[in-house]
Amino acid sequence: MNAITDLPYTVTRQRDVVDALRKLLPERCVLFNDEDIRPYECDGLAAYRQMPMVVALPDTEAQLVQILQLCRDMQLPIVPRGAGTGLSGGAMPIADGLVLSTAKLNRIIKVDPVARTAVVQPGVRNLAISDAAAPHNLYYAPDPSSQIACTIGGNVAENSGGVHCLKYGLTVHNVMRVRVVTIDGDIIELGGAALDAPGLDLLAVFIGSEGMLGIVTEVTVRLIPKPQRACVIMASFDDVVKGGNAVADVIGAGIIPAGLEMMDRTSSRMVEPFVKAGYDIDAAAILLCESDGTPEEVSEEIAHMTAILTASGATKISVSGSDEERLRFWSGRKNAFPAAGRISPDYYCMDGTIPRKRLADVLLRIEAMESKYGLRCANVFHAGDGNLHPLILFDANKPGEFHQAEAFGAEILELCVEVGGTITGEHGVGIEKINSMCVQYSPQEREAFFAVKRAFDTAFLLNPDKAIPSLHRCAEYGKMHVQRGQLKFPDLPRF
Ligand SMILES: Cc1cc2nc3c(=O)[nH]c(=O)nc-3n(C[C@H](O)[C@H](O)[C@H](O)COP(=O)(O)OP(=O)(O)OC[C@H]3O[C@@H](n4cnc5c(N)ncnc54)[C@H](O)[C@@H]3O)c2cc1C
């Protein structure tokens, strides 16, 4: 209780924060009533929820600077938020913190067809960049399946990928410069118009930093010419092992397809009735394998890939005959996550990366885990990158099922590390995989992460307790999961 007002501390604190914010922003930009802030209680990882204390929606960068200075002065934790489509809880609020939404910073500042760049504010949707560049026959290559909704600010924070990233690279390969507001309200620019810049490559450090180092207020992205032609092969396999090995065979032959994606039978059966993409629902697995370039390059590559897929055991091969058919083939893959809702009340989307040559082996081990945990799992993923997206299907209303799903997911991530892979491909760590970071990184490596965090955010206010686990947490996790009941590091300090 507050001795003077007799109100609980949380109420007086919220009132103080709202009063202070209203001096900086119009009233409509400060939300704190339950019904207004409820939509912000989670991101795409809806299993975890937390109402924030307050939500601020600045209209300008100048307002955003003042908000950060205020948060620093009031020691108020900040959770940046784009569209909230993240799947690892990165934008999940903190109970005594502020959610800083970039929804109103959504202007495309400039498209430069000569430099082949676009300068955009952080709240611009991924697909809107390509739409703006289309009159110049250019587009922005990284294409998360959520691209209709997710923002470039969120893409930068997560280093997002997509179907076409196998050939064209992740966000980090397609962003040239970011403008960032630091926790002290200073504006810094990382990267630039040239391919290289003197000094440390802080742009690469920043991309993928999950809102922990600063707030992005402007992004310069690289645009590339639309290919003259694109064509996709849909290949069926009668077992997932052959499908997994076919992926390694295509890449091993020296081809880098514009996209190389795999869906197992559970996935194609959940998508097909919904999207009617023309998938072979009897196949144990299907591969979608795209080629783009000049008409000659595409014809040659499609013929080469068809031969390899046939030799790898494909039972059926269809090649898109028009751009309309190509987009229809992809529409099933792009809508796979939402389609999970057709066959299960809840799903938990994992994201781990493994060496391509271990695909078949890992898929079989995930299949065995389905029996162990008593839950189904649909596999739909960026096979060419070895980036898995197992969708664990569960019913949160059935007692214990969510915890089973969590344990299933954790075992998949540990398997990824065991086979030489990593616990995230493109969805980030957030809160979801924070324990798995303890499996992947040594205490010394995690301390190096913290050192970078401290260098940008001395007050530890920017998205705290996300992405990098404390040593203490890892000791706890070791006790629970990794070291079979033995507390390995009982004397570790919290940080
Ligand atoms: C159906 C579906 C399909 C998806 N497919 C893909 C896919 O193919 N590939 C892929 O990579 N991801 C995919 N995702 C995950 C998600 O869309 C991406 O991670 C995306 O980049 C998140 O963008 P967002 O605007 O929604 O960010 P949010 O979810 O709002 O935030 C994500 C993180 O970015 C931080 N952040 C947001 N804006 C800023 C800013 N301006 N400055 C600093 N930090 C900021 C947040 O704090 C948070 O940590 C998918 C999600 C869904 C729901």
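Author: In this predicted model, a residue is buried if 20 or more other C-beta atoms lie within 10 Å of its own, exposed if 12 or fewer do, and partly exposed in between.

Reader: Is Val172 buried, exposed or partly exposed?

Author: Val172 lies in helix α7, which spans residues 171–174. Leaving aside its neighbours within four places in sequence, Val172 is in contact with Asn159, Ala204, Ile207 and Gly208. Because 16 other C-beta atoms are found within 10 Å of Val172, the class assigned to this residue is partly exposed.

Reader: How far apart are the C-alpha atoms of Val172 and Ala248?

Author: Along the chain, Val172 and Ala248 are 76 residues apart. Val172 belongs to helix α7, and helix α9 covers residues 240–252. Between the C-alpha atoms of Val172 and Ala248 the separation is 25 Å.

Reader: How many C-beta neighbours does Gln63 have inside 10 Å?

Author: Gln63 is found in helix α3, and, with neighbours within four places in sequence left aside, Gln63 is in contact with Leu24, Leu25 and Pro58. Gln63 counts as partly exposed because the number of its C-beta neighbours inside 10 Å is 19.

Reader: What is the C-alpha to C-alpha distance between Gln63 and Leu25?

Author: In sequence, Gln63 and Leu25 are 38 residues apart. Leu25 is nevertheless among the residues with which Gln63 is in contact. In space, from C-alpha to C-alpha, the two residues are separated by 7.0 Å.

Reader: Which strands are the edge strands of the open sheet formed by five strands?

Author: The order of this open sheet is β5-β6-β10-β8-β9, and its pairing is antiparallel. An edge strand pairs on one side only, and this holds for the strands at residues 108–112 and 187–191, namely β5 and β9.

Reader: By what angle does the twist average from one strand to the next in this sheet, and what angle does the direction of helix α3 make with that of β10?

Author: From one strand of the five-stranded sheet to the next, the twist averages 15°. Helix α3, residues 61–74, packs on this sheet and touches β8 and β10. The direction of helix α3 makes with that of β10 an angle of about 135°.

Reader: Which residue in β9 is the bridge partner of Val178?

Author: Strand β8, residues 175–181, is joined to β9 by five bridges, and the two strands run antiparallel. Within β9, the bridge partner of Val178 is Leu190.

Reader: Which element supplies the largest share of the shell around the ligand?

Author: The ligand is surrounded by 37 residues, the closest being Gly82, Gly86, Gly90, Gly154 and Gly211. At least two residues of the shell are supplied by each of β3 (78–81), α5 (152–158), β10 (215–222) and α13 (336–339). The shell divides into 13 nonpolar, 19 polar and five charged residues. The largest share, five residues, comes from α5.

Reader: Where does UniProt place the feature "domain: FAD-binding PCMH-type", and how far apart are the end C-alpha atoms of that stretch?

Author: In the UniProt record, an unreviewed entry, this feature is placed at residues 48–226. Over these residues the chain is 23% helix and 25% strand. The end C-alpha atoms of the stretch are separated by 39 Å.

Reader: What is the order of the open sheet formed by seven strands?

Author: The edge strands of this antiparallel sheet, each pairing on one side only, are β15 (316–319) and β16 (346–349). Neighbouring strands are turned against each other by 20° on average, direction ignored. From one edge to the other, the order is β15-β12-β14-β13-β18-β20-β16.

Reader: Which residue of β18 is the bridge partner of Met262?

Author: Strand β18, residues 376–381, is mostly covered, with five of its six residues buried. Strand β13 (residues 259–264) pairs with β18 in the antiparallel sense over two bridges. In β18, the bridge partner of Met262 is Phe381.

Reader: Which residue in β20 stands opposite Asn379?

Author: β18 pairs with strand β20, residues 390–394, over four bridges in the antiparallel sense. β20 also pairs with β16 in the antiparallel sense, over four bridges, and there the bridge partner of Tyr348 in β20 is Ile392. The residue of β20 that stands opposite Asn379 is Pro390.

Reader: At what angle to β12 does helix α12 run?

Author: Helix α9 lies across β12, β13 and β14 and runs at about 20° to β14. Helix α12, residues 323–334, lies across β12, β13, β14 and β18. Relative to β12, helix α12 runs at about 55°.

Conventions
Residues numbered from 1 in each chain as written. Predicted model: local features only at pLDDT ≥ 70, side-chain atom pairs only at ≥ 80, totals over all residues. Pairing = 2+ DSSP bridges. Near = placed C-beta within 6 Å. Nonpolar A, V, L, I, M, F, W, Y, C, P; charged D, E, K, R; others polar. UniProt positions renumbered as here; feature names shortened; annotations may be inferred. Axes fitted to C-alpha atoms, helices over the stretch in contact; angles between N-to-C directions. Contact = placed C-beta atoms within 7 Å.
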